[in-house]
Amino acid sequence: MKRISILPPEIAGKIAAGEVITRPASVVKELVENSLDAGARTISVEVVDGGCRRLRVTDDGCGMWPEEAPLSLLRHATSKLRQDDDLLRLTTMGFRGEALPSIAAIARLELCTRSPDREVGCRLLVAGGAIQEQTPWAGPAGTQVTVSDLFYNTPARRKFLRSQAAEQAHILELLRHLALGYPEVHFLVQAQGRTVLQAPAHRDLRERVGTILGVEWAEVMQPLELALPGLMVRGLASPPDHHLASPRYQFLLVNRRVVSDRLLAGALRQAYQGLLPKGRHPVVLLEVEIAPDQVDVNVHPAKAEVRFKDSGRIYAAVLNAIRQALEPGQRPGRQEFARAWVASPALPAQEARPTALFTDLPPLPSGVETLPPMPATAATTEVNPFPTGSAWRFAELPILGQLQETYILAQAPEGLLIIDQHAAHERVLFEKFSQTTGQSAPRQALLFPITVELEPQAAAWVEEHLNLLHQAGLELEPFGGSTVVVRAVPACLAQQDCATLVAGLIAELAPLAKEQPEEDLVRRRLHLTMACRGAIKAGQPLRPEEIQHLLSQLDELAVSSHCPHGRPLWRLLTLAEIRHNFRRPK
Ligand code: ADP
Ligand code: MG
């Protein structure tokens with residue numbers, strides 16, 4: 001049995017550093033966060049060999065006085081926190097005073113800094129956690145930190161590093177996130193002497209999205225904004241007809257801090273539930289602003305995770321904000337943005353490509369340096385996909401068949417009509433439900449009433465909204481505890497598995513209603529959800545008479561171009577486009 005002894009400081013330092021600094025990107029994160037905390041307007045980052053050989057972050061922030069700069073290298077030395085309860089009022093990214101000492105413990109570090117109110121600043125050379133040299137420095141106001149030979153004295157960690165290209169990709173990914181969180185800051189990133197990201201200070205988020213993700217995304221993304229007491233959710237969300245094969249482009253920020261939060265990611269997933277094809281993901285930039293005492297940022301060594309006090313409220317707010325943004329009518333005209341963008345240097349020229357109707361976004365290559373501009377998709381280059389004044393009725397068109405058991409193909413006079421069966425049926429159902437407002441919807445009593453077990457909070461919601469549910473055709477009866485009995489369902493949903501339908505519906509609506517006290521909104525949400533859950537699914541084979549029935553229902557609709565979530569119900573591939581694809585003369 002060995003005896004207990006206290007570790008020498010260098011070893012303790014290395015161990016502690018291991019928590020904060022796991023790879024070159026962690027160094028960049030800490031240094032850039034310090035620059036942001038210092039009020040920098042311009043931050044430049046230089047990366048050599050994936051950051052393993054050298055990383056430099058230069059800012060024009062408040063700098064440090066020569067007498068305080070050495071302190072910054074001590075553990076628990078910070079200018080951002082004075083007393084215990086300051087932790088409840090954090091508005092800075094840093095607060096633990098751990099980053100610089102951690103980096104200094106496992107790399108060689110040079111710190112040059114000058115405060116604008118002093119003519120001379122200082123330059124510190126640090127190795128093995130100790131200051132080796134301090135000299136006066138009279139460079140530009142601000143701070144420049146250079147980190148070389150990362151992990152030179154921790155071979156174990158060095159072994160875990162991936163290829164330099166992979167580490168560089170991580171750094172860029174992180175900087176993209178930070179840049180999206182701080183559109184007003186100018187970011188310049190160079191790798192191996194080459195500029196890989198240049199984002200001048202922007203007035204608003206959409207401009208920044210244009211620079212970071214490409215102007216095509218900036219144009220189509222829908223603004224989202226929801227303000228509640230002490231809570232603000234805003235950002236941009238891609239519409240359902242634009243998606244990617246990877247969830248990598250979902251940027252989550254809480255009080256401007258880049259986080260990877262399961263709760264927020266879950267709300268995001270839920271918001272797009274049923275709107276995107278399987279395996280596809282939206283592009284979302286979501287910013288949550290919340291009173292500092294409502295969120296704990298001190299739960300993760302790299303501050304990548306946070307904990308909310310009232311997570312239910314945040315979840316509902318995010319879900320609501322995104323859903324609202326995706327509703328039709330919310331869409332601003334594309335033209336407006338298109339004009340505003342003309343001057344942008346990053347603008348990739350987009351020509352109208354008739355073939356784009358069938359072009360999907362290619363999967364993003366892993367480790368990309370710059371996000372390739374979004375190829376034109378249907379929504380960006382459409383050649384009037386909804387010709388007005390079409391003389392035909394859906395039910396009269398010859399049906400060609402079903403594609404992938406998801407789309408109905410029909411022959412229109414102008415070309416090939418492709419109908420999204422789920423979206424179309426969803427619109428039909430939604431209209432049916434909406435028409436019943438004020439009167440009761442046709443319902444079908446269940447021969448054998450079923451009981452459904454709910455969360456207590458959901459059961460309480462049901463009790464409060466019995467009337468509303470009744471009007472929509474759902475006859476529910478509280479059955480003690482958190483159980484409800486389902487006695488009747490809307491006639492058009494009678495074919496469904498009622499227990500799953502009701503449980504799913506209420507689980508989705510109950511958290512929302514808290515933030516939407518207005519009955520009309522709750523009713524609309526109920527109709528939307530019932531329509532979505534009740535509609536024919538993608539991947540469902542349909543008999544010819546079912547297709548025929550759906551098409552005649554479409555003819556009855558006032559709005560037959562988009563589903564209630566804003567997705568188009570159908571697209572027309574015109575004969576002209578088909579001819580063009582086959583290089584046939586007109
Ligand atoms: P923390 O950010 O948690 O306070 P750090 O170890 O990252 O801890 O930094 C320690 C202190 O050094 C900061 O509180 C700040 O006062 C100072 N500092 C670090 N980087 C900069 C910078 N780029 N500009 C100005 N001051 C800085
Ligand atoms: Mg810091």
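# A tour of the eight-stranded sheet and its helices

Begin by selecting Glu110, Arg123 and Glu133, which are linked in a network of salt bridges. What you have open is a predicted model, and each stop below names what to select next and what to look for there.

**Stop 1: the salt-bridge network and its strands**

Keep Glu110 and Arg123 on screen and display their side chains: the two form a salt bridge in which the closest N and O atoms are 2.8 Å apart. Glu110 lies in strand β3 and Arg123 in strand β4, so the pair ties together parts that are 13 residues apart in sequence. Is Glu110 buried or exposed? With a relative accessibility of 16%, Glu110 counts as buried, because the cut-off for that class is under 20%. Arg123, by contrast, has a relative accessible area of 22% and is partly exposed.

Now select the whole of β3 and β4, which form a hairpin with 6 residues between them. Their pairing is antiparallel and runs over 5 bridges, and along it Glu110 stands opposite Leu125 in β4. If you colour β3 by accessibility, you will find the strand mostly covered, with 6 of its 7 residues buried.

**Stop 2: the loop after β3**

Move along to Arg118 and select Glu67 with it; these residues form a salt bridge whose closest N and O atoms are 2.8 Å apart. Arg118 lies in the loop between β3 (108-114) and β4 (121-127), while Glu67 lies in the loop between β2 and α3 (99-106), so the pair ties together parts that are 51 residues apart in sequence. Arg118 has a relative accessibility of 27% and counts as partly exposed. For the model as a whole, the count of salt bridges comes to 19.

**Stop 3: the whole sheet**

Widen the selection to the sheet, an open one in which 8 strands follow the order β5-β4-β3-β6-β2-β1-β7-β8, with mixed pairing. Which strands stand at the edges? They are β5 (130-137) and β8 (194-199), each of which has a single partner strand, so one side of each is left without a neighbour in the sheet. As you step across, the twist averages 10° from one strand to the next.

Returning to β3, select β6 as well, and you will see the two pair in the antiparallel sense over 7 bridges; here the bridge partner of Thr113 is Thr143, in β6. Towards the β8 edge, select β7 (residues 186-191), which pairs with β8 in the antiparallel sense over 5 bridges. In that pairing, Ala191 has Arg194 of β8 as its bridge partner.

**Stop 4: helices on the sheet**

Next, select helix α2 (residues 24-37), which packs on the sheet and touches β1 (42-48), β2 (54-59), β6 (142-148) and β7, its direction making about 10° with that of β2. Then select helix α6 (residues 205-213), which also packs on the sheet but touches β7 and β8, its direction making about 160° with that of β8. While α6 is in view, add the side chains of Glu207 and Arg203, which meet in a salt bridge (2.9 Å, N to O). Arg203, at 75% relative accessibility, counts as exposed.

**Stop 5: helices against helices**

Two packed helices are described by the angle between their axes and the distance between the axes. Leave α6 selected and add α5 (residues 164-181): the two axes come within 9 Å and cross at roughly 160°. The helices α5 and α6 are therefore roughly antiparallel to each other, and their crossing is right-handed. To see the contact itself, show Arg176, Ala179 and Leu180 in α5, which meet Leu205, Arg208, Val209 and Ile212 in α6.

For the other pair, select α2 and α3, whose axes come within 10 Å and cross at roughly 145°. This crossing of α2 and α3 is left-handed. The contact is made by Val27, Glu30, Leu31 and Asn34 on the α2 side, together with Ala99, Leu100 and Ile103 of α3.

**Last stop: the full chain**

Finally, zoom out to the protein chain, which has 18 helices and 22 strands. Of its 586 residues, 52% are buried. Among the contacts in the chain with a separation of 6 or more, 71% are accounted for by residues 24 or more positions apart.

Technical notes
Residues numbered from 1 in each chain as written. Chains lettered and ligands numbered in written order. Predicted model: local features only at pLDDT ≥ 70, side-chain atom pairs only at ≥ 80, totals over all residues. Heavy atoms only, no water. Pairing = 2+ DSSP bridges. Helix = DSSP H or I, 4+ residues; strand = E, 2+ residues; numbered from the N terminus. Axes fitted to C-alpha atoms, helices over the stretch in contact; angles between N-to-C directions. Contact = heavy atoms within 4.5 Å. Salt bridge = Lys/Arg side-chain N within 4 Å of Asp/Glu carboxyl O. Buried < 20%, exposed > 50% of the residue type's maximum accessible area, 1.4 Å probe, protein only. Parallel < 35°, antiparallel > 145°, perpendicular 65-115°, else oblique. Left-handed = near helix turned anticlockwise from the far one by under 90°.
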